[in-house]
Amino acid sequence: QVPGEPYTRVSLEEANEMLKNGEGVVIDVRRQDEYEAGHVKGAIWLPVDDVIPRFDELPKEGKLMFICAVGARSGLAAEYAAAMGAEGDRLFNIEDGTPSWISGGFPTSYGQEK
């Protein structure tokens, strides 16, 4: 964890392990066209600008693992979630982003498929 950040940065491998263990969910904060072009299998699509107004739609338990393309929007989304009262130990930023997730061969879905 980087001092001053209300979340923990994780690698693709760490995030995949947490998903496999049922520890939480991935929240994709990219635009709809980006999401539909390929996303983490089972990810919740919630654009970064909707994190605050739609915060109540996020799971109340488990880890919230935010992802975007390169880690910038997802970091912002994690900060928004912290500002809305989510505990820091539940917040994670998947650093490498979705294109790396897909090219790494991790479980991926396309279009509107979860």
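**A walk through the fold, from one buried residue outward**

Asn93 is a good place to start: at a relative accessible area of 2%, this residue is buried. The model is a predicted one, and in it Asn93 sits in strand β6, which covers residues 91–94. Quite a crowd gathers around Asn93. Leaving out residues up to four places away in sequence, Asn93 touches Tyr7, Thr8, Arg9 and Val10, and also Phe66, Gly71, Ser74 and Gly75. Arg54, by contrast, is not on that list; 39 residues separate Asn93 and Arg54 along the chain, and their C-alpha atoms are 19 Å apart.

Stepping back to the whole chain, the secondary structure amounts to 4 helices and 7 strands. Read along the sequence, these elements come in the order β-α-β-α-β-β-β-α-β-α-β. The radius of gyration is 13 Å, close to the 13 Å that the globule rule gives for 114 residues, so the chain is as compact as a globular protein of that length. As for overall dimensions, the C-alpha trace spans about 30 × 25 × 25 Å along its principal axes.

Contacts and surface fill in the general picture. Among contacts with a separation of 6 or more, 71% are between residues 24 or more positions apart. Of the 114 residues, 41% are buried. What the chain exposes comes to about 5700 Å², with 52% of that supplied by carbon and sulfur atoms. On the charge side, there are 11 positive and 20 negative charges, and the mean positions of the two sets lie 3 Å apart.

Now for the inside. The largest nonpolar core has 16 residues, and those touching the most other members are Ile27, Val29, Leu58, Phe66 and Leu91. Two elements, β5 (63–67) and α3 (72–83), give two or more residues each to this core. Helix α3 gives the most, with 3 residues. Leu58, one of the well-connected members just named, is in contact with Ile27, Leu46, Leu64 and Phe66 once its neighbours within four places in sequence are set aside. There is also a second, separate core, made of 13 residues, and Leu12, Met18, Val40 and Ile67 are among them.

Helix α3 deserves a closer look through two of its residues. Ala77 lies in this helix and, at 0% relative accessibility, counts as buried. Beyond its neighbours within four places in sequence, Ala77 is in contact with Val29, Val48, Val51 and Phe66. Two of those partners, Val29 and Phe66, turned up above among the residues touching the most other members of the largest core. Tyr110 is another matter: Ala77 and Tyr110 are 33 residues apart in sequence, and 22 Å lies between their C-alpha atoms.

Tyr80 is also part of helix α3, but here the relative accessible area is 26%, which makes Tyr80 partly exposed. That value falls between the 20% limit for buried and the 50% limit for exposed. Not counting residues up to four places away in sequence, Tyr80 touches Val48, Val51 and Ile52. Val48 and Val51 are contacts of Ala77 as well. Between Tyr80 and Tyr35 there are 20 Å from C-alpha to C-alpha, for a separation of 45 residues in sequence.

Finally, a loop residue. Gly42 is found between β3 (39–40) and β4 (44–45), in the loop that joins them. With 38% relative accessibility, Gly42 counts as partly exposed. Neighbours within four places in sequence aside, the contacts of Gly42 are Ser109 and Lys114. Trp101 is 59 residues from Gly42 along the chain, and the C-alpha atoms of this pair are separated by 13 Å.

How values were computed:
Residues are numbered from 1 along each chain as its sequence is written. This is a predicted model: local features need pLDDT of at least 70, side-chain atom pairs count only at pLDDT 80 or more; totals for chains, interfaces and linings use all residues. Side-chain values use heavy atoms; hydrogens and water are left out. The radius of gyration is taken over C-alpha atoms; the globule rule is 2.2 Å times the number of residues to the power 0.38. Buried means under 20% relative accessible area, exposed over 50%, partly exposed in between (1.4 Å probe, protein chains only). Contact means heavy atoms within 4.5 Å. Accessible areas come from the Shrake-Rupley method with a 1.4 Å probe; for residues, only the protein chains shown count as cover. Lys and Arg count as positive and Asp and Glu as negative; His and the chain ends are not counted. The place of a charge is taken as NZ of Lys, CZ of Arg, CG of Asp or CD of Glu. A nonpolar core is a set of buried Ala, Val, Leu, Ile, Met, Phe, Trp, Tyr and Cys residues joined through side-chain atoms within 4.5 Å.
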